Each structure stands twice: as structure tokens, then as C-alpha cells.
Amino acid sequence: MNAVGAMPGPSGGGARRWGRGLARAVAATVFDSPTYRWTLLGSKPRSVARLPVDPWAGDPIQGGHILQGELRIAGDRIRTEGMWRMAVLPNSTLAAMHGFRWLRDLRALGTPTAAAAARGFVDEWLAIPPLWQPVAWRSDVLGERLFAWLAHADWFAGSSDPAFDRRLLDGIAAGCRHLSRVASWELDGEGCIAAAKGLVAVGTSLVGAEGYIRGALRILDRELPRQIAPDGGHLSRNPAAQGRVLAHLVEIRGALAAARHPIPDSLTQAIDRAAPVLRFFRHGDGGLALFNGSREGEAKWLDTLLTHADAKGRPPLALPHTGFQRMVADRTTVLVDTGQPPPRGFDRGAHAGLLSFELSVGKERLIVNCGAHPTGAGDWELAQRATAAHSTLSVEDRNSVEVVAGRGIGRRPKTIGCERREADGATLLDLHHDGYAPAYGTVHHRSLYLAASGEDLRGEDRLEGAAGRSFVIRFHLHPTVQVSLTQGGNTVFLRGPSGTGWRLRVSGAAVGLADSVYLGGRGDPRRTQQILLSGETTAEGTKIRWALQREDRKG
């Protein structure tokens with residue numbers, strides 16, 4: 001088996017992206033040819049040395065749905081009959097379908113029927129001509145599939161059908177030959193690490209395939225310093241991506257350890273830095289904050305991931321390189337986006353949420369960002385990425401950064417500032433950005449103060465620049481929060497599911513309520529509401545002050 005080959009070309013981020021785009025254009029023609037498919041045949045794997053372990057528990061409820069003919073993934077429900085021929089689906093759905101991570105859900109049923117169904121799904125997939133579906137053979141999806149097949153092969157293969165076992169091994173070998181040729185250059189970001197995971201899975205499992213391990217480690221040696229910032233945050237600035245990358249690294253480490261292969265210090269150090277940051281992004285309910293395309297995720301899975309990461313570091317209060325702040329007082333947690341958008345190459349799907357924040361008290365989320373639809377496709381894409389979908393200020397109903405459909409971020413702010421001060425258990429953040437300066441000559445300043453009691457959050461939003469510009473400050477509410485506007489019109493009363501009341505008082509803006517949508521949960525989008533503070537800028541400067549204070553424990 002061949003080791004990993006690197007794509008030649010000039011160095012540097014821009015040159016790398018240019019080279020990657022050119023290579024993709026050429027590869028789209030080359031890969032979809034009989035000659036290239038012939039090159040995937042190669043020598044047959046001699047034998048299996050060992051298999052990696054999937055450390056994550058499956059969901060038997062989802063497994064039951066699969067047995068009944070329905071695969072529920074990435075916000076879609078797919079009929080399993082003939083699913084491998086389905087092409088008119090969102091790429092996120094195709095990737096989840098062809099990645100086979102859902103095998104663990106079937107395995108969780110623990111029945112011979114489930115194993116036979118898994119074997120049938122894999123065998124049907126193997127009957128498809130290679131590369132007919134580009135997403136299925138994308139390097140990150142291929143890496144996930146190879147890991148899943150090998151991790152669960154002891155359950156669905158190796159029984160009374162040696163012909164199937166041979167087809168499976170041949171399919172794994174062909175997949176890894178292709179992966180070895182594209183893993184180092186086809187994708188940037190977390191996808192490159194998922195591809196390396198597939199190479200490690202094959203290299204540690206099949207006799208004679210050790211060269212794939214060396215290739216994968218070369219990829220990690222290059223990517224880990226690029227993707228994991230010194231403070232431990234992933235460059236995507238997406239909490240869910242932080243978890244996925246950490247999971248890839250934990251799986252890679254586990255496969256290397258099982259094969260008694262030396263674990264690189266760089267891999268151990270990346271896990272040790274990344275795990276505390278994942279804790280940083282968790283609210284009191286155990287789920288993740290909603291920034292840059294993230295969703296809550298499953299608290300139980302996050303607990304398991306952090307246990308396997310075996311990193312003991314406490315969550316930091318600030319991520320200066322990644323650009324987030326965490327304020328904690330008693331049971332109250334406030335998470336604030338204080339950084340530039342992700343760098344180019346890592347910004348696909350990034351949101352325009354400059355200076356947005358989320359607030360939770362205990363296990364109850366009060367103020368949130370809207371989050372991300374599971375597919376992120378169609379009308380949802382631009383809507384969920386807009387500044388208006390975040391708990392922050394917008395000017396003239398425009399985005400604070402340029403959001404490019406189907407891609408990343410165009411125009412960016414020149415400066416974003418953050419100063420943190422702490423005293424006697426209280427925290428003050430002074431923030432600003434000039435994202436609206438090019439279009440409107442306006443700079444947004446935001447101060448956030450959390451008292452030591454955790455029962456008093458105060459804010460001040462200031463706009464410096466031209467007069468006559470409309471603005472709206474939004475506070476999106478979690479669907480479990482009840483809200484009412486008082487008769488005077490400048491005060492809003494909130495009540496969480498536990499019955500605890502909070503009163504928002506406002507000066508310097510008109511106060512109103514409007515419909516909103518919450519995309520952060522596991523299920524379908526949920527209707528909710530948002531608080532709007534609106535007005536126009538003045539020549540003397542514009543200052544809006546607000547205070548959210550706890551009223552009582554029970555109504």
C-alpha cells in the first residue's frame with residue numbers, strides 16, 4: 001500500500017488555497033474515469049492485525065429507526081431502501097449518510113438482526129462503482145467511513161460469509177489508496193484531520209499498511225499547529241467543530257495506543273489544549289454555546305468525550321487567540337464573541353455575530369443566539385449567519401461582516417478590541433468593533449458587567465459616527481423562556497422554566513418584542529421570541545443602557 005503523497009505547490013495560506021482549488025478542478029476529471037478506478041485495485045490486504053475501537057456509545061432508538069427503514073441524520077429522514085443512489089440531498093446529509101457513523105446506533109441494539117442489517121448496508125455500498133458520488137469519496141467522509149467500518153467489523157463481519165469479508169477488505173484497501181492520494185491537500189480545517197484519522201485506522205488495522213500511519217502523522221504535524229491556536233481553540237471558532245476535532249484526535253490516539261505505536265507529543269499536547277476549551281464553551285445544561293454554526297450537541301456525549309480526552313485543565317475565562325470571553329458568577333454564565341471571524345480557509349459557514357453573547361443560569365438558557373439548522377442549506381444558510389440572528393447590535397439591518405453565500409466571510413472589521421477587568425468577584429468587559437465603519441462610519445462599543453452575585457447583568461451599547469442610522473439590539477430568547485412587555489414600554493419581564501423571574505430595564509431605545517427561531521437543539525427549529533431595542537443614531541453620539549436583574553425565585 002502506498003504512503004500519503006503531498007500536493008506540490010507554493011507555500012502560504014493563499015497559495016495553498018489556490019493550489020487546492022486547481023487540484024480539485026483537475027481531480028474532478030481524473031477521478032471520474034475508468035483508468036483511475038483501475039488504479040484503486042492494487043494488491044490485496046494480507047490480513048487484519050487489530051481493529052480500532054469506537055469509543056462513543058450508539059443510540060438504540062436511532063438504531064430502531066434504521067431497522068424500520070428510516071435513517072435520521074443531519075436533520076433529514078432518509079428511507080434506507082435505495083439510499084446509496086440518492087444524490088439530490090444536502091451535502092451535510094450525504095456526508096453523514098456515507099460516513100457510516102450511524103453503525104454504532106445499529107450496534108447499540110445488540111441483536112443479530114441489527115448486525116445483518118449493517119452487513120447488508122455495507123455490502124450494498126461496496127457494490128457501487130467507486131467515485132460515482134463525489135461527496136461519498138471526499139477525504140473527510142472517506143476517513144470517517146474507513147474508521148467506522150474497521151471499528152465495527154468485529155461485529156458485522158468475520159462470520160459465516162468469507163466472500164463478504166473479502167469484499168470488505170478490498171473496499172477498505174481501495175478507499176485508502178484514494179485517501180492516501182488526496183488526504184493532505186483536498187480539504188482544509190477539520191476535514192483534513194478526519195482524513196488523517198482514516199489513514200491511521202487502516203494503518204493500524206491491516207498487516208503491511210503501516211506506511212499510512214507515517215503519512216497521517218505528517219499531516220497532523222502540519223495541521224495541528226495551524227488549526228489549534230495557542231489557547232487551545234480551533235480556528236473555525238465553532239464550539240461544535242471544537243468537539244469534533246477533539247473527538248478525531250482522541251480516536252487517533254486510541255488507535256495508535258491499541259497498536260502500541262508511539263503517540264506523538266504534538267498530538268497529546270493538542271488534546272490537552274483543546275479539551276479545556278470545549279469545557280469553556282459549555283453552558284450549565286452541559287450543551288454548547290451557539291457561535292459560528294454550532295448547535296447544543298448532546299451533553300452526555302460531551303461528557304464522554306472529555307472523559308476520554310483525559311485532560312484535567314479547568315475551563316479558561318478568556319481565549320485571547322480564538323476570541324471569546326467567559327464571565328461566571330455563582331450559577332450564571334455569560335459567553336461572549338470578542339474576536340475576528342475565522343481566518344480564510346476556516347471561515348466557510350462562519351457567522352456575523354461580532355460582540356454577541358449568550359446567558360445561562362444553572363441549567364436554564366435565557367439569552368441565546370439562533371444557532372444553525374442541521375443542513376445549513378437553502379434559505380437557512382444566510383438567515384442563520386446574519387448579525388440579526390445573534391444577540392448583538394446591527395446597524396441599518398446589515399451584517400457586521402460580509403457573509404458570502406455558500407462560502408465564508410468577505411469584508412471584515414479592521415479592529416476588534418477587548419479589555420477585561422475583575423474585582424471582588426465581578427467582571428467588566430469593554431469591547432468594540434469597526435465592522436460598520438466602511439459603510440456607515442459607525443463604531444460599536446459594548447460594555448458588559450456581571451455582578452459577583454450572578455443576579456445582575458448590565459450592558460451599555462454605544463455608537464460613534466454619523467447621525468440618522470437605524471440600529472437594533474437583539475436579545476434572542478430560549479424557547480423555554482416566557483416574556484412580557486410591561487405597560488410603561490421600557491421594561492421586559494422574563495421567566496425561566498424553573499419560575500425564576502428576571503427584569504430587563506432599558507434607557508435610550510424603544511423596546512419591543514418579535515418572533516424568533518431557535519435552531520440550536522437536536523430536533524426541528526423551534527419558535528421563540530426576541531427582545532428588540534431600536535432607535536436612530538444622533539450627532540451627539542448614541543448610548544443605550546440596559547440591566548437584566550433577577551426579581552424573585554418563584555412567581
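This passage describes confidence, strand pairing, nonpolar cores and one helix in a predicted protein model.

The average pLDDT of the protein is 91. A score of at least 70 is reached by 92% of the residues. Residues 1-12 fall below a pLDDT of 50. In the model, this stretch still has 32 contacts beyond near neighbours in sequence. Where pLDDT is low, predicted coordinates should not be read in detail.

Strand β13 spans residues 470-477. The strand is mostly covered, with 7 of its 8 residues buried. Three pairings involving β13 are described here, with β7, β8 and β18. Strand β7, residues 364-368, pairs with β13 in the antiparallel sense over 2 bridges. Here Val368 stands opposite His476 of β13. Strand β8, residues 393-395, is also antiparallel to β13 and pairs with it over 3 bridges. Val395 has Phe471 in β13 as its bridge partner. The pairing of β13 with β18, residues 526-536, is antiparallel and runs over 7 bridges. Ser470 faces Glu536 of β18 across this pairing. In a regular strand, side chains alternate between the two faces of the sheet.

The largest nonpolar core holds 97 residues. Within this core, Trp102, Leu168 and Leu246 touch the most other members. Helix α7, residues 139-156, makes the greatest contribution, giving 11 residues. Leu168 touches Val122, Leu126, Trp149, Ala153, Phe156 and Ala157, leaving aside residues up to four places away in sequence. A second core is separate and has 38 residues. Its members include Ala329, Ile367, Val483 and Leu533.

Helix α4 covers residues 91-99. Like β13, which has 7 of 8 residues buried, this helix is mostly covered, with 7 of its 9 residues buried. The buried positions are Thr93, Leu94, Ala95, Ala96, Met97, His98 and Gly99. These buried residues pack against two strands, β1 (70-73) and β2 (76-79). They also pack against two helices, α6 (112-126) and α7. Helix α7 is thus met twice, as a packing partner of α4 and as the element that gives the most to the largest nonpolar core. An α-helix has 3.6 residues a turn, so residues three or four places apart point the same way. Just after α4, the backbone at Phe100 takes a positive phi of about 65 degrees.

Notes
Residues numbered from 1 in each chain as written. Predicted model: local features only at pLDDT ≥ 70, side-chain atom pairs only at ≥ 80, totals over all residues. Heavy atoms only, no water. pLDDT = per-residue confidence, 0-100. Contact = heavy atoms within 4.5 Å. Buried < 20%, exposed > 50% of the residue type's maximum accessible area, 1.4 Å probe, protein only. Helix = DSSP H or I, 4+ residues; strand = E, 2+ residues; numbered from the N terminus. Pairing = 2+ DSSP bridges. Core = buried A, V, L, I, M, F, W, Y, C linked by side-chain atoms within 4.5 Å.
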